[in-house]
Amino acid sequence: MNKKHTNMKKITISILALFAFAFANGQAKEGQVSKGKWLIEANTGFGRNVGTTAIYFSSSDGITSYNIGAEGGFFIKDNLALKLGLGYGEIDGVGEPIAYKIGAKYYLKTMIPIEISYNGVGFGDADANPTFIGAQVGYAVFFGKNVSIEPGIRYNMATHKQYYDNSLQFNIGFALHF
């Protein structure tokens, strides 16, 4: 074997070992998802952002939009939190839509967050306001007692299909646990 191939093999094995270590040690072990605990979360949204409490900025075809938001939750039993979220944003400088979310988040085996929620945006004519039923799944990596990073995928099903389409989003969540 040549030296370049050996070095590449060492780098690959090191990266795999790092991921295995993160997987083994990145699970909730200190009661972060226990009954009576609190959760504060901010998400980044990639893809079509709809009725979101995520943080994002987008500029396409001369239209600029942004949103800033956060979510909070309370664990009513081990691994199960009820959540509320609020967000604020603008679309091309017009309107001031307020996004909202209410839902539940369950941590399967304390490391796989599964969320079901109702989310929407309030602006203009109430009949045309977008609302969605969303489902999300991801993986939680815990860093110490109070911080987790949760990449995930979310599907939003539009409740007003005459105005809006279903959408798929990729998220990276940053959570604080108290």
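Which side chains meet in a salt bridge at 2.7 Å, N to O? I opened the notebook with that one, and I found Glu-150 and Lys-105. A reminder to myself before going on: this is a predicted model.

**Entry 1: Glu-150 and Lys-105**

I looked up where the two partners sit. Glu-150 belongs to strand β9 and Lys-105 to strand β5, so the pair links distant parts of the chain, 45 residues apart. I then checked their surroundings, and I noted Glu-150 as buried, with Lys-105 buried too.

**Entry 2: a further partner for Lys-105**

I stayed with Lys-105 and came across Glu-41. Their side chains also form a salt bridge, at 2.6 Å from N to O. Here the link runs between strand β1 (residues 38-47), which holds Glu-41, and strand β5 (residues 98-108), which holds Lys-105; 64 residues separate the two. I checked burial again: Glu-41 and Lys-105 are both buried.

**Entry 3: Glu-71 and Lys-83**

Next I turned to Glu-71, which makes a salt bridge with Lys-83; their closest N and O atoms lie 2.5 Å apart. I placed Glu-71 in strand β3 (residues 63-77) and Lys-83 in strand β4 (residues 80-91), twelve residues apart. Both Glu-71 and Lys-83 came out buried.

**Entry 4: putting the charges together**

How many salt bridges does the count come to? I got eight. I also traced a network of salt bridges that links Glu-41, Glu-71, Lys-83, Lys-101, Lys-105, Glu-115, Glu-150 and Arg-154. A handy note for the margin: side chains of opposite charge can pair when their charged atoms come close.

**Entry 5: strand β9 and its neighbour**

Since Glu-150 lies in strand β9, I followed that strand next. Strand β9 (residues 147-158) pairs with β10 in the antiparallel sense, over ten bridges. I picked out one bridge: Pro-151 has Ile-172 of β10 as its partner.

Strand β10 covers residues 167-177, and I listed its two faces. On the covered face I wrote down Ser-167, Gln-169, Asn-171, Gly-173, Ala-175 and His-177. On the uncovered face I have Leu-168, Phe-170, Ile-172, Phe-174 and Leu-176. That fits the usual rule that side chains in a regular strand alternate between the two faces of the sheet.

**Entry 6: Met-157**

Is Met-157 buried, partly exposed or exposed? I have it as partly exposed, because its relative accessibility is 39%. Met-157 also sits in strand β9. Setting aside neighbours within four places in sequence, I found Met-157 in contact with Thr-131, Phe-132, Ile-133 and Asn-166. My last lookup was Tyr-118: its C-alpha is 9.6 Å from that of Met-157, with their positions 39 residues apart in sequence.

Definitions and conventions:
Residues numbered from 1 in each chain as written. Predicted model: local features only at pLDDT ≥ 70, side-chain atom pairs only at ≥ 80, totals over all residues. Heavy atoms only, no water. Buried < 20%, exposed > 50% of the residue type's maximum accessible area, 1.4 Å probe, protein only. Helix = DSSP H or I, 4+ residues; strand = E, 2+ residues; numbered from the N terminus. Pairing = 2+ DSSP bridges. Salt bridge = Lys/Arg side-chain N within 4 Å of Asp/Glu carboxyl O. Contact = heavy atoms within 4.5 Å.
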